[in-house]
Amino acid sequence: MENWQYHKTYSGCPQGGIISPILANIYLHELDKYVAETAEAFNIPRESRYTENYKQIRNKAESVKRRLRTAENSDERKALIQELKIVRAKMMKTPSKLQTDKKIKYIRYADDFIIGVNGSKEDCIKIKSNLTKFIADNLKMELSEEKTLITHSNTSARFLGYDFRVRRNSAVRKHGKWTQRTLNNSVELNIPLEGKIMKFLFDNKIIKQKQNGGIIPTTRKSLLRCTDLEIVSAYNAELRGICNYYSLASNFSSLNYFSYLMEYSCLHTLAAKHKCRIGKIKSKYRAGKGNWGIPYETKKGHKCCLFADYSKCRNDKTANDKIPNTTVHHAYARNKFESRLKAKICELCGNTEATHYEIHHVHKVKDLKGKELWEQMMIAKRRKTMVLCQECHANIHKK
């Protein structure tokens with residue numbers, strides 16, 4: 001589609017189509033096979049797990065331990081314990097891995113892939129060159145030079161919204177009875193706070209920048225026409241969605257600030273809707289110590305939609321990140337009949353291409369039972385009128 005004009009295409013993959021990932025997987029299966037063959041030829045198993053220097057120090061530590069087990073008097077034991085501490089400290093500072101092995105690790109998600117190479121930079125340059133040639137000659141595609149970078153494993157690389165790297169950290173931590181370098185050579189996943197989180201907050205007008213460069217939460221004017229429950233549900237869905245996705249990150253606790261900005265933007269929005277201060281909103285909707293939420297009724301009785309706690313989203317498999325349809329449909333709703341009709345948007349199905357729009361009336365909102373979607377939306381908005389396209393209006397009167 002170009003300028004809403006459809007053009008037939010005879011090659012390529014449609015952008016944004018629901019079948020695009022499936023077509024990408026079928027086509028790029030040839031790439032998967034090529035990388036698997038490259039990895040098989042490249043991989044070299046390690047000759048030994050440890051370096052000779054590390055082995056000597058470790059053997060010395062084992063010898064001291066054996067002597068310590070058979071020590072007869074306390075003075076001898078104290079001397080051996082002191083010697084063992086010195087040997088262990090030296091062992092913790094000595095590189096242990098014998099770097100003679102080579103390995104390739106390949107991960108692809110749709111048309112986005114990353115290759116981890118346990119080898120030299122020259123190996124990486126050669127693999128990239130061969131990969132570029134294969135993609136151009138066999139798949140008739142281009143490998144983006146701007147996005148295809150050779151990065152050291154200790155430097156963060158962006159993949160599927162995460163920044164990840166291999167730690168070079170010799171910090172010693174207690175592991176069981178002994179201390180070990182548990183962080184060294186382990187993969188670390190991080191949240192790109194500036195690139196993803198702050199961008200999301202600015203794009204959705206959840207925060208604004210002050211003159212001195214700082215940021216503050218602000219009112220989301222697009223949600224002012226929604227009910228209190230719809231507003232809180234929308235914020236909760238966005239908060240849960242992001243926190244669930246980044247639950248694997250090492251710096252997950254940094255989302256505490258993101259949660260604060262979301263909560264106070266929500267409070268600002270509710271306060272602007274009711275034309276009062278934030279404190280009054282928190283007092284009105286207080287639900288226990290430190291919590292607040294919007295009460296609502298169901299068939300089973302009274303319930304309360306609490307503002308989401310980001311820390312509980314980390315391992316919550318049942319968390320729901322779906323934004324309610326009523327929030328989406330009514331985000332930019334207007335009050336006057338004329339302006340609502342001029343908008344040419346069906347407030348039920350969202351159709352903008354209809355030739356004619358009509359106003360649907362009900363006598364009293366309290367008479368609606370809430371079984372149909374249009375009834376639920378009118379109840380939520382406490383409105384007796386709704387702008388509909390002819391098709392939706394006819395369907396309502398048929399029932």
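**Salt bridges in the predicted model.** A search of the whole structure, which is a predicted model, finds 10 salt bridges, and some of them are shown in the close-up views that follow.

**View A. A salt bridge between helix α5 and a loop.** The side chains of D123 and K102 meet in a salt bridge, with an N to O distance of 3.1 Å. Because D123 lies in helix α5 (residues 121-137) and K102 in the loop between α4 (74-93) and β1 (103-109), the pair ties together parts that are 21 residues apart in sequence. D123 counts as buried at 15% relative accessibility, whereas K102, at 29%, counts as partly exposed.

**View B. Salt bridges within helices α2 and α6.** In helix α2, E30 and K33 are 3 residues apart, about one turn of the helix, and they form a salt bridge whose closest N and O atoms are 3.7 Å apart; E30 is partly exposed, with a relative accessible area of 38%, and K33 is partly exposed as well, at 40%. In helix α6 (residues 193-203), K199 and D203 are 4 residues apart, again about one turn of the helix, and the closest N and O atoms of their salt bridge are 2.9 Å apart.

**View C. A patch of positive charge on the surface.** R46, R49, R58, K97, K103, K105 and R168 gather in this patch. R46 lies in the loop between α2 (29-42) and α3 (52-69) and is partly exposed, with a relative accessible area of 48%.

**View D. The pairing of strands β4 and β7.** Strand β4 (residues 162-166) and β7 run antiparallel and are joined by 4 bridges, with F164 standing opposite L189 in β7. Strand β7 (residues 187-190) has E188 and N190 on its covered face, and V187 and L189 on its uncovered one.

Key: Residues are numbered from 1 along each chain as its sequence is written. This is a predicted model: local features need pLDDT of at least 70, side-chain atom pairs count only at pLDDT 80 or more; totals for chains, interfaces and linings use all residues. Side-chain values use heavy atoms; hydrogens and water are left out. Patches are made of residues with over 30% relative accessible area and no salt bridge: like charges are joined within 9 Å, nonpolar side chains (Val, Leu, Ile, Met, Phe, Trp, Tyr) within 5 Å. Accessible areas come from the Shrake-Rupley method with a 1.4 Å probe; for residues, only the protein chains shown count as cover. A salt bridge is a side-chain nitrogen of Lys or Arg within 4 Å of a carboxyl oxygen of Asp or Glu. Lys and Arg count as positive and Asp and Glu as negative; His and the chain ends are not counted. The place of a charge is taken as NZ of Lys, CZ of Arg, CG of Asp or CD of Glu. Helices (H or I, at least four residues) and strands (E, at least two) are DSSP runs, numbered from the N terminus. Buried means under 20% relative accessible area, exposed over 50%, partly exposed in between (1.4 Å probe, protein chains only). Two strands pair if DSSP finds at least two bridges between them.
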